[in-house]
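Let's take a friendly walk through a protein model, starting with the whole and then moving inside. Keep the 3D view open as you read.

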Amino acid sequence: YGLYNCRSDYILHLDSDIFLGGLSQTWVEEALQLLATDPSLLTCSPLPGPPHPDKILIGQNRAVKLNDDYCFEFKVMSTRAFLIDKRFFGKEKIGQKLPSALKMVKARIMGNPPYNLPEELLSDYIKKNGLKRIDFLGRGNGLWTLHPPFRVVGFYERLPEIIKDIEQNNLPPEQYGFYDIVDEVCNWTEAREKISSNSWKTKLIHAKSHK
């Protein structure tokens, strides 16, 4: 509904907790060119994680490397960060389908509506229509994203330093090629201890989202 109500046909969406590295000034232009030239392309996204020296993605077993550069194809959707032409949806309705019985029970317990997430609906749409999503770095330093998997006091205290390190690409080797901020950048011990000591309901709320 949010995409539908945007006045622009081209929409660049970023979740509010996404960090951007590389700081490319041409990535959007490059992505628009890809969308314009490939009718099977639904969305483009910045590279998930800073570029690995071996040009790989870590923990992304659904990624298909397209060439020798930092460009990968997916048959599933991630709604963390993407560029889309909303006119694509004028061709066919996405529709809504009920989630599994287990997901409906979990939604009711946590007070959420019993519907599938947009990420799941768009993934089904991609598979049904033979489409794809492409994540790529782009020219020069390109554009890439990082995501904090938890929210704890230590993270907010280190936030200015984390932002500076991302902007300057001053990150440990363990971070390259991975989409979530690793322990070597921010110590997540406090968050994991809280999760392990809380109820199963809280564990569900704080669990890492599917990528």
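Below we look at the overall make-up, then the nonpolar cores, and then one residue in a helix.

This is a predicted model. The protein contains seven helices and eight strands. Of its 211 residues, 41% are buried. Turning to the outside, the protein exposes about 12,200 Å², and carbon and sulfur atoms supply 54% of that area. Contacts also tell us about the fold: among those with a separation of 6 or more, 75% are between residues 24 or more positions apart.

Now for the inside. The table sets two nonpolar cores next to each other.

| Core | Number of residues | Some members |
|---|---|---|
| Largest nonpolar core | 26 residues | Ile 162 and Ile 181 |
| Second, separate core | 11 residues | Ile 11, Leu 122, Ile 126 and Leu 131 |

In the largest core, Ile 162 and Ile 181 have the most contacts inside it. The elements giving two or more residues to this core are β5 (71-74), β8 (144-146), α5 (153-167) and α6 (189-197). Helix α5 provides the largest share, three residues. What does Ile 162 touch, leaving out residues up to four places away in sequence? Its partners are Phe 19, Phe 155, Ile 181, Val 185 and Cys 186.

Finally, find Asn 5, which sits in helix α1 (residues 2-5). Is Asn 5 buried or exposed? Asn 5 counts as partly exposed because its relative accessibility is 44%, and partly exposed lies between the limits of 20% and 50%. The C-alpha atoms of Asn 5 and Lys 86 are separated by 9.7 Å, although these residues are 81 residues apart along the chain.

How values were computed. Residues numbered from 1 in each chain as written. Predicted model: local features only at pLDDT ≥ 70, side-chain atom pairs only at ≥ 80, totals over all residues. Heavy atoms only, no water. Core = buried A, V, L, I, M, F, W, Y, C linked by side-chain atoms within 4.5 Å. Buried < 20%, exposed > 50% of the residue type's maximum accessible area, 1.4 Å probe, protein only. Helix = DSSP H or I, 4+ residues; strand = E, 2+ residues; numbered from the N terminus. Contact = heavy atoms within 4.5 Å. Areas by Shrake-Rupley, 256 points an atom, 1.4 Å probe, with all protein chains shown as cover.
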